[in-house]
Amino acid sequence: LITLLSDFGYKDPFVGVMKGVIARLHPAAAVVDLTHGIPPQDVLAGALVLRHSAAYFPRGTIHVAVVDPGVGGARRPLLIESAGDYFIGPDNGILSLAVEARETPRIIHLSNAAYHLQPRSATFHGRDVFAPVAAHLSRGVAPAAFGETVEQFVRLRVPESIQSERELLGEIVYIDGFGNLFTNILEQDLRAWDRDKLSITIGGVTIGRTETHYGAAASGACVALINSWGLLEIALNQESAERRLGAKIGDKVRVFAA
Amino acid sequence: LITLLSDFGYKDPFVGVMKGVIARLHPAAAVVDLTHGIPPQDVLAGALVLRHSAAYFPRGTIHVAVVDPGVGGARRPLLIESAGDYFIGPDNGILSLAVEARETPRIIHLSNAAYHLQPRSATFHGRDVFAPVAAHLSRGVAPAAFGETVEQFVRLRVPESIQSERELLGEIVYIDGFGNLFTNILEQDLRAWDRDKLSITIGGVTIGRTETHYGAAASGACVALINSWGLLEIALNQESAERRLGAKIGDKVRVFAA
Amino acid sequence: LITLLSDFGYKDPFVGVMKGVIARLHPAAAVVDLTHGIPPQDVLAGALVLRHSAAYFPRGTIHVAVVDPGVGGARRPLLIESAGDYFIGPDNGILSLAVEARETPRIIHLSNAAYHLQPRSATFHGRDVFAPVAAHLSRGVAPAAFGETVEQFVRLRVPESIQSERELLGEIVYIDGFGNLFTNILEQDLRAWDRDKLSITIGGVTIGRTETHYGAAASGACVALINSWGLLEIALNQESAERRLGAKIGDKVRVFAA
């Protein structure tokens, strides 16, 4: 199984062409789109999406992630093997959050051009490098064949929440298509607190507790809950919190134990 | 074969993750996206899309439909078996229009948590309930294993057109991506009338007849025709009727026999 | 392998339903979406996308392309066999650029209704004509069974650049989802020139050379490069050139040898 994640959007044939390249090299490979709606050049969004998605796929899945503003330049193309899964993409941090929590990864620099399309463009390594390497890997080519092992790769830093005895200071790190606001506050950060007696503030809005689900909130009222990524989320029942609150990535969220 | 329909859009990995869950449980399952562009929380749009799509799939197809504003609350997750096909989703009416015209359905409440992911989130039952149930069903698990049989489920009411001897009063029930306006007036409603001598009004516009296809209209002129769902549709040749007429769901459409 | 290209967008179930039709007729067929984001009714954009994509798929692939403003009218549905690949779509030029550079094509008018869905709508031949023909063809039905061989088909003309000794006058023919501007100037048009000493003008902007990749440009500066379609492209590093320059299809691009 091969998954594809990118910021290519849905207007162009770029994703379709990557699937053509894979089909030529390995007709039996199964390909699943993780998403191609990552905001253009937003490596952090892509890395977060990959981190919260990879565990739901079968062991041995090959994840190809292409958010690649540095394509054609000095950044290296990588294959990372970690806990039995494979991650392919540029060395700009896009793969790092998915790999982070796992055992020591094995990192291969995809330097062997014999596994790339020729001629290789300088603007579309998804087609010319990452798709063919994924196809060959899925056919059983050994990781070492694709290039030399390296020790380092670029790691992204997700802003961490700041915790004191009675206060958590976090921020919005992802906004989904419904306009729900994902913070960097984890479920476990709230474990010791009484979740019915909180004061959660974002912009000028204060929420007094966490709910278990969207529908528990009054219509039109903000709701805070632990979402499917295990993160504290600020949302509006059947409405976009992003639009209503004018919220954006990086906005601060404060949680006080009341 | 499993189909997926949702209002998840194309920004996030939610659909991709559902496919990962299915692949883990049943690697050989084939999955087709019906669409994920249902407007957020628009259960009626999702139900109409499912009604007009399901018949084109092979008998025995498993249709998963997730437009689910009540996720995590009291609404039940259901599996409905009807005329040899399977429909999985929340009990909010999303499945009801597809099932309506068929033989008495068999309805299962998906209460057996052994077939759900654990831990189960309260915000993403597509991943934690509906996808795994679909995967197990496609592997041959008997419907009765997923929970108890129930008698009732939520049925949506599509507004019906009002018919008198020389007049039909309908309304717009769906607008497609081209901006074509789908009414609730059926081809058979017009059967007794001379379709070359009509007066079809919407907003301030009057159309004098139905055409067989878009190109039969003068460029920039409104056209009325029977569309691929068997419904009276108001459109503009190579233009968006939605945008030009400022039309929206619920707008009235009147047809007089001239 | 069957590919699908259209201007259907991602709101509606039209593409999903085509896959249902294919699955009913040939359950083992593999289907890949090339893209469904072609701008509505933009036959030239669809034809360019198909031309620059088809070569990346395995020999024998069946490409179905449905940008079809004339659906239901006099335009013929076609199957074109060329260099071992198959192209299915309306006779409005959508197939012509992909076929152009190849050996003499064999053209079949899809007149045999036995291979169409019945009843056949006048507004959705993707579902009722093109998908079923593709499915039957993928099952091994001979091309001649679908209708009579014809000699002519509609060919699109892409505007060609005008070349003099020291000047090339081209124009923008495609804009991708990143806002990158694809011109009709080919890599080979520039072969004799010193690419470090050029004067490339678009709107009020002048670029002095071509770069090999996006990152070679200063942030916020326009860059010219040869892109993955082999075309001269005007772009902005990590930004949309379309938005910043207010550019659109047909805008002129001049290249002088400095």
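Is B:Glu103 buried or exposed? With a relative accessibility of 52%, B:Glu103 counts as exposed, because the cut-off for that word is over 50%. Keep in mind as you read on that this is a predicted model.

## A residue in a loop

Let us stay with this residue for a moment. B:Glu103 sits in the loop of chain B that runs between helix H3 (96–100) and strand S6 (106–109). If you set aside the neighbours within four places in sequence, B:Glu103 is in contact with B:Ser82 and B:Ala83.

The second of these partners is worth finding in the viewer. B:Ala83 and B:Glu103 are 20 residues apart in sequence, and their C-alpha atoms lie 6.2 Å apart in space.

## Chain A at a glance

Now turn to chain A as a whole. Chain A holds 5 helices and 16 strands. Along the principal axes, its C-alpha atoms fill a box of roughly 60 × 35 × 30 Å.

Of the 258 residues in chain A, 59% are buried. You can also look at how the chain meets itself: among the contacts in chain A with a separation of 6 or more, 66% join residues 24 or more positions apart.

## How the copies are arranged

How do chains A and B relate to each other? A turn of 120°, with a shift of 0.0 Å along the axis, lays chain B on chain A with an RMSD of 0.0 Å. This is therefore the relation of a three-fold axis. The copies use different surfaces, since 4% of the contact residues of chain B recur in chain A.

To locate the rotation axis from chain B, look for B:Tyr10. Its C-alpha atom is 4.9 Å from the axis, and B:Tyr10 comes closest to it of the residues of chain B.

## The nonpolar cores

Which residues touch the most other members of the largest nonpolar core? They are A:Val64, A:Ile88, A:Phe146 and C:Leu5, in a core of 64 residues. Helix H4 (residues 125–139) of chain A gives the most to this core, contributing 7 residues.

A:Val64 is a good place to zoom in. Not counting residues up to four places away in sequence, A:Val64 touches A:Ile2, A:Thr3, A:Leu4, A:Leu5, A:Met18, A:Ile88, A:Phe130 and A:Ala134. Apart from the largest core lies another one, of 63 residues, and A:Leu5, A:Leu34, A:Tyr56 and A:Phe87 are among them.

## A pair of helices in chains B and C

In chain C, helix H1 (residues 14–25) packs with helix H4 (residues 125–138) at an angle of about 40°, and their axes are 9 Å apart. H1(C) and H4(C) are therefore oblique to each other, and their crossing is right-handed. On the H1(C) side you will find C:Val17, C:Met18, C:Val21, C:Ile22 and C:Leu25. They meet C:Gly126, C:Arg127, C:Ala131, C:Pro132, C:Ala135 and C:His136 in H4(C).

Chain B has a pair to explore as well. The axes of helix H1 (residues 14–25) and helix H4 (residues 125–138) of chain B cross at roughly 40° and come within 9 Å. H1(B) and H4(B) are therefore oblique to each other, and H1(B) passes H4(B) in a right-handed crossing. From H1(B), the contact is made by B:Val17, B:Met18, B:Val21, B:Ile22 and B:Leu25. From H4(B), it is made by B:Gly126, B:Arg127, B:Ala131, B:Pro132, B:Ala135 and B:His136.

Conventions. Residues are numbered from 1 along each chain as its sequence is written. Chains are lettered from A and ligands numbered from 1 in the order in which they are written. This is a predicted model: local features need pLDDT of at least 70, side-chain atom pairs count only at pLDDT 80 or more; totals for chains, interfaces and linings use all residues. Side-chain values use heavy atoms; hydrogens and water are left out. Copies are superposed by least squares on the C-alpha atoms of residues with pLDDT of at least 70 in both. Contact means heavy atoms within 4.5 Å. A nonpolar core is a set of buried Ala, Val, Leu, Ile, Met, Phe, Trp, Tyr and Cys residues joined through side-chain atoms within 4.5 Å. Buried means under 20% relative accessible area, exposed over 50%, partly exposed in between (1.4 Å probe, protein chains only). Helices (H or I, at least four residues) and strands (E, at least two) are DSSP runs, numbered from the N terminus. Axes are lines fitted to C-alpha atoms, for helices over the stretch in contact, and angles run from 0 to 180 degrees between N-to-C directions. Angles under 35 degrees count as roughly parallel, over 145 as roughly antiparallel, 65 to 115 as roughly perpendicular and the rest as oblique. A crossing is left-handed if the near helix is turned anticlockwise from the far one by less than a right angle, and right-handed if clockwise.
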